[in-house]
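What follows is a guided reading of a predicted model, to be taken with the sequence and the coordinates side by side. The walk starts from a single residue and widens to the elements around it.

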Amino acid sequence: MVENIITVKNLNAWFGMHQVLRNVDFEVSRNQILGIIGPANSGKTTFLRVLNRLNRLQRGYHDEGEVTFSGVDINTISDSQLRKRIGIIFALPQVLPVSIYDNVAYGVKIHGMNKKSEVDKIVENSLKRAALWNEVKDRLGLQAMRLSGGQQQRLCIARTLAVEPEVILYDEPCSGLDPISTAKIEEAMWELKKDYTQILVTNNTKQAARVTERCAFFLMGEMVEVNVTPYLFTAPADKRTDDYISGRFG
Amino acid sequence: MHRAVNREKLAFTILGIITLLVIIPIFLVIFYIVKNSIGVISWEFISQAPRHGMREGGIFPAIVGTIYLIVGTALFALPLGILSAVYLVEYAGDNAFTRIIKLAIVNLSGIPSIVYGLFGFALFVIFLKLGTSILAGSLTLAIMSLPVIITATKEALEAVPFSFREVSLSLGASKWQTVRYCVLPYAVPGILTGTVLSLSRAAGETAPILFTVAAFYLPRLPRSVFDQVMALPYHLYSITTQVPNMPLGLSFATAFVLIALVFLLNLASIIIRSRFGKRKVW
């Protein structure tokens, strides 16, 4: 049995009075690419953001339940440490309006690394791992907002990698990208698999089938089922999963 | 169809003319002042003290006094105003307490300046025993400027997209690091524009300095922050209304210098904004 890096037990979450997650139980093993599919408002993004506590930035949000990360209750880990160790890629490429270099170096400097040569090395490595280095190596000083959408999203991946996380969360990372940019990001994800645990929330069931090893189906705040990806897509246990992946709704 | 186009043209023309009307007063004011002061303005007028019951000589002490007051106001009002806006926008939750604070700020900006003057006189001059001094005047002007500075800073901070904060926090930055590196740099142009405008307004105020600092006639320069000073707006008021047989040119020349000073401050804020503005690309 592979070690579980994240274990979620009986998780419930609310925005105000509205319950968005109901009794979710979930396990993620190390170095796995895990997919979460489901229609809009099924709670998949909220679930993702529970893991690095980003939901708490919203007014009126609260959750209950037990989430352990590397065997430790996440409530005992500081926000800063938790978010350094569990990085996130947002749906739209959220680059900061500074240079490519400064985008990647931002997190590194935040965590106290100020030696220029070291930062340079981390920036280069991160951009390489995000499969962006060859496209930008001659123009690291370029305003990052002038990159294409796909490049910006890979820059965001590089920026997350630069702070050396253990887990990377992807919140519909390709929803605004063309198929070629999407393919590049999926390639990067496969490359990253040997060092990172990755959780991919996606609206695109085909992408989930292509990229993920295990996949979960969320519906109206409930996790309907989770299984090894080929099984989930060929022999779903629940009728609702079957309906969703075969396109009868959603 | 054709009629609709014509009516639209007519509407736009009327709107254009009305907008033009807005700039007429400012041009008239400037034209009138320049026309009446042109013979009086000279290097001597700017660099010398008034003589012969202020009917001759220059306004140098008043210029220096106004500059001291602007600097003093900035020293007190900027840190206080900017930091409270940062607290309100970035840290404070939405509860009864912060709502009362926000309401207070809005109401503070509606208080007439003469009331600030009386308040400053009672609190700083009498109660805190600062006397009529640069210190008391600057503090009074600072309190008057606070609501504008806080509101401008708040708006500048709120204009920075929430996603910048989210990105920074998601990389493990602390709240303060996020504010310091991911919010404030992008809010600086807006903050500066607002604060400089509020300072230029403070520079032109008469009522708040009336009882707290302004000297009617004091041809020497102040020696400490506990000294009184002459100030341009009050000097203008007194020579125009309190001194008989005053040459009109001197009043207009004083007005000219005051307007030029305010204009220079505004110009500085425009330059700063355009220099930072190039960085704004989102």
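T140(B) is found in helix α6 of chain B, and a useful starting point is to ask whether T140(B) is buried or exposed. With 32 other C-beta atoms within 10 Å, T140(B) counts as buried, because the threshold for that label is 20 or more such atoms. Leaving out residues up to four places away in sequence, T140(B) touches Y116(B), G117(B), G120(B), F124(B), P208(B) and T212(B). G93(B), by contrast, is 47 residues from T140(B) in sequence and lies 30 Å from T140(B) in space, C-alpha to C-alpha.

The helix that holds T140(B) also matters for the nonpolar interior. The largest nonpolar core has 146 residues, and those with the most contacts inside it are A158(A), L169(A), I199(A) and A231(B). Helix α6 of chain B, residues 134-158, provides the largest share of this core, namely 15 residues. In soluble globular proteins, nonpolar side chains tend to be buried together. For A158(A), the contacts beyond its neighbours within four places in sequence are with V104(A), S126(A), L127(A), A130(A) and L132(A).

From the core, the view can widen to chain A as a whole, which contains 10 helices and 10 strands. Its C-alpha trace spans about 55 × 40 × 40 Å along the principal axes, and its radius of gyration is 18 Å, which agrees with the value near 18 Å that a compact globule of 250 residues would have. Of the 250 residues of chain A, 46% count as buried. Among the contacts in chain A with a separation of 6 or more, 70% are between residues 24 or more positions apart.

Six strands of chain A form an open sheet with mixed pairing, in the order β6-β7-β8-β3-β9-β10. Its edge strands are β6 and β10 (222-228) of chain A, each of which pairs on one side only, and neighbouring strands of the sheet are turned by 20° against each other on average, direction ignored. Within this sheet, strand β3 (residues 33-37) of chain A runs parallel to strand β8 (residues 197-202) of chain A, the two being joined by five bridges; there, I33(A) has Q198(A) in β8(A) as its bridge partner.

At one edge of the sheet, β6(A) pairs with strand β7 (residues 167-171) of chain A in the parallel sense over four bridges, and in that pairing V167(A) of β7(A) is the bridge partner of I86(A). In a regular strand the side chains alternate between the two faces of the sheet. In β6(A) both faces are covered, with I86(A) and I88(A) buried on one side and G87(A) and I89(A) buried on the other. Helix α6 (residues 149-162) of chain A lies across β6 and β7 of chain A and runs at about 170° to β6(A).

The last step is the contact between the two chains, which takes 21 residues from chain A and 16 residues from chain B. On the side of chain A that touches chain B, α2 (79-85), β6 (86-89) and α3 (100-110) of chain A each supply at least two residues, and α2(A) gives the most, with four residues. By class, the residues on this side of chain A divide into nine nonpolar, eight polar and four charged. Strand β6(A) thus appears in two settings, as an edge strand of the open sheet and as a contributor to the side of chain A that touches chain B.

Note on methods:
Residues are numbered from 1 along each chain as its sequence is written. Chains are lettered from A and ligands numbered from 1 in the order in which they are written. This is a predicted model: local features need pLDDT of at least 70, side-chain atom pairs count only at pLDDT 80 or more; totals for chains, interfaces and linings use all residues. Two residues are in contact if their C-beta atoms, placed from the backbone, lie within 7 Å. Ala, Val, Leu, Ile, Met, Phe, Trp, Tyr, Cys and Pro count as nonpolar, Asp, Glu, Lys and Arg as charged, and the others, Gly among them, as polar. A nonpolar core is a set of buried Ala, Val, Leu, Ile, Met, Phe, Trp, Tyr and Cys residues joined through C-beta atoms within 7 Å. A residue is buried if 20 or more other C-beta atoms lie within 10 Å of its own, exposed if 12 or fewer, and partly exposed in between; C-beta atoms are placed from the backbone. Two strands pair if DSSP finds at least two bridges between them. The radius of gyration is taken over C-alpha atoms; the globule rule is 2.2 Å times the number of residues to the power 0.38. Axes are lines fitted to C-alpha atoms, for helices over the stretch in contact, and angles run from 0 to 180 degrees between N-to-C directions.
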